[in-house]
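Reader: I would like to go through the labels attached to this model one at a time, and to hear for each the reasoning that leads from a value to a name.

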Amino acid sequence: MAWFKRNKEGITTSTSEKKETPEGLWYKCPKCKVITAVEDHQANLWVCANCNYHEKINAKEYFKILFDNGEFTELDPNMRSVDPLNFVDTKKYSDRLAEAIKKVKVNEAVTTGVGKLNGRDIVIAAMNFNFIGGSMGSVVGEKIARAMKYGIERRVPVMTISKSGGARMMEAAYSLMQMAKTAAMIARMREAGIPYISLLTDPTTGGVTASFAMLGDINIAEPGALIGFAGPRVVKETIGKDLPEGFQTSEFLLEHGFIDFIVERKNIREKVDFFLQCVM
């Protein structure tokens with residue numbers, strides 16, 4: 001029976017007739033390896049429905065979650081980094097910037113905007129990790145400082161969402177000065193009585209952790225986020241000792257009093273709104 005047994009050998013399908021599986025339809029969780037439809041994964045706010053792994057997302061996605069109807073006005077949208085030191089490693093820093101802008105379709109590693117959260121005005125500065133590792137250069141620090149200044153002048157609460165590998169090495173001291181700049185603006189917000197919320201996501205490391213990320217009136221973290229200054233390997237090599245299990249996770253930091261809450265992505269709006277109701 002030809003239905004069940006091939007009568008001819010060497011039957012092939014021409015290349016023009018082959019059906020390729022469309023890309024971008026499926027998501028494979030990097031933690032539990034379970035595969036789900038991208039559409040379902042996005043509907044679950046980019047959180048694995050099987051193991052609750054919070055996938056890295058950028059400002060665009062966080063703004064959709066936090067701002068009412070995803071509507072906001074971007075602040076300083078045209079600010080871009082330059083190459084003050086003419087830095088070159090395996091390639092020119094100016095080339096890295098151009099490639100990142102073209103690939104990620106944002107101008108910097110942070111996007112700032114103002115909109116409403118449950119009807120209340122709020123300024124949010126969210127980092128874009130796939131723009132040179134969310135590194136903090138001079139423009140990142142300046143945009144965050146300007147967002148905080150906007151909040152002070154208009155008496156609007158400010159929220160930052162950190163996701164960063166730390167200072168941008170290609171800008172050397174220019175980058176390190178952003179730690180002092182952002183910390184100084186937070187001090188001004190406190191003097192003016194402007195609430196400041198810091199959300200730490202995976203990963204939050206280096207100079208970002210050592211400055212504005214840990215200086216919130218309330219510090220919130222997503223589950224399982226890596227949060228620290230130096231990475232675990234560097235810490236272990238420096239102190240010469242084995243590190244506790246779960247070291248530098250948000251759960252470890254909560255247990256030791258470094259953060260106030262761990263909040264799942266689906267509950268962030270509710271938690272931020274509750275905090276603002278309490279202080280304003």
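Reader: What makes lysine 271 count as a charge over the ring of phenylalanine 261?

Author: In this predicted model, the charged end of lysine 271 is placed over the ring of phenylalanine 261, at 4.2 Å from its centre. The label asks for a distance within 6 Å, together with a position within 35 degrees of the ring normal, and the value of 4.2 Å for lysine 271 meets the distance part. Lysine 56 likewise lies over the face of phenylalanine 129, with 6.0 Å to the ring centre.

Reader: Why is the pair of phenylalanine 247 and phenylalanine 252 called edge-to-face?

Author: The ring centres of phenylalanine 247 and phenylalanine 252 are 5.7 Å apart and their planes stand at 75 degrees. Centres within 6.5 Å make a pair, and planes over 60 degrees apart make it edge-to-face, so the name follows for these two rings.

Reader: What makes the pair of phenylalanine 67 and phenylalanine 72 stacked?

Author: Here the planes are 15 degrees apart, with 5.5 Å from centre to centre, and an angle under 30 degrees counts as stacked. The structure holds 4 aromatic pairs, and ring pairs also link Phe63, Phe67 and Phe72 into a cluster.

Reader: How do you know whether phenylalanine 67 and phenylalanine 72 are buried or exposed?

Author: The cut-off for buried is under 20% relative accessible area, and for exposed it is over 50%. Phenylalanine 67 has 1%, so it is buried, whereas phenylalanine 72 has 34% and is therefore partly exposed. In the edge-to-face pair, phenylalanine 252 has 17% and is buried, while phenylalanine 247, with 24%, is partly exposed.

Reader: Which residue stands opposite phenylalanine 72, and why is strand E3 said to stand at an edge?

Author: Phenylalanine 72 stands opposite glycine 115 in E4, and 4 bridges join E3 to E4 in an antiparallel arrangement. The open sheet has 7 strands in the order E3-E4-E5-E6-E7-E8-E9, with mixed pairing. Strand E3 (72-75) and strand E9 (261-262) each have a single partner strand, so one side of each is left without a neighbour in the sheet.

Reader: What makes the pairing of this sheet mixed?

Author: Two pairings show both senses. E4 and E5 are antiparallel over 8 bridges, with valine 114 bridged to valine 123 in E5, whereas E5 and strand E6 (residues 158-164) are parallel and joined by 4 bridges, one bridge partner of alanine 125 in E5 being threonine 160 in E6. E4 and E5 also form a hairpin with 2 residues between them, where asparagine 118 in the turn has a positive phi of about 55 degrees. E5, H4 and E6 together make a right-handed β-α-β unit.

Reader: Why is E5 described as largely enclosed?

Author: Of the 8 residues of E5, 6 are buried, so the strand is largely enclosed by the rest of the structure.

Reader: Which residues touch the most other members of the largest nonpolar core?

Author: They are Met148, Met189 and Phe212, in a core of 38 residues. Among the elements that each supply at least two residues are strand E5 (120-127) and helix H4 (138-154), and the largest share, 6 residues, comes from H4. Methionine 148 touches residues including Val158, Thr160, Met189 and Phe212, leaving aside those up to four places away in sequence. A second, separate core has 23 residues, Phe63, Ile218, Val272 and Leu276 among them.

Key: Residues numbered from 1 in each chain as written. Predicted model: local features only at pLDDT ≥ 70, side-chain atom pairs only at ≥ 80, totals over all residues. Heavy atoms only, no water. Core = buried A, V, L, I, M, F, W, Y, C linked by side-chain atoms within 4.5 Å. Buried < 20%, exposed > 50% of the residue type's maximum accessible area, 1.4 Å probe, protein only. Contact = heavy atoms within 4.5 Å. Pairing = 2+ DSSP bridges. Right-handed = clockwise from strand over helix to strand, strands pointing away. Phe/Tyr/Trp six-rings, centres within 6.5 Å; stacked < 30°, edge-to-face > 60°.
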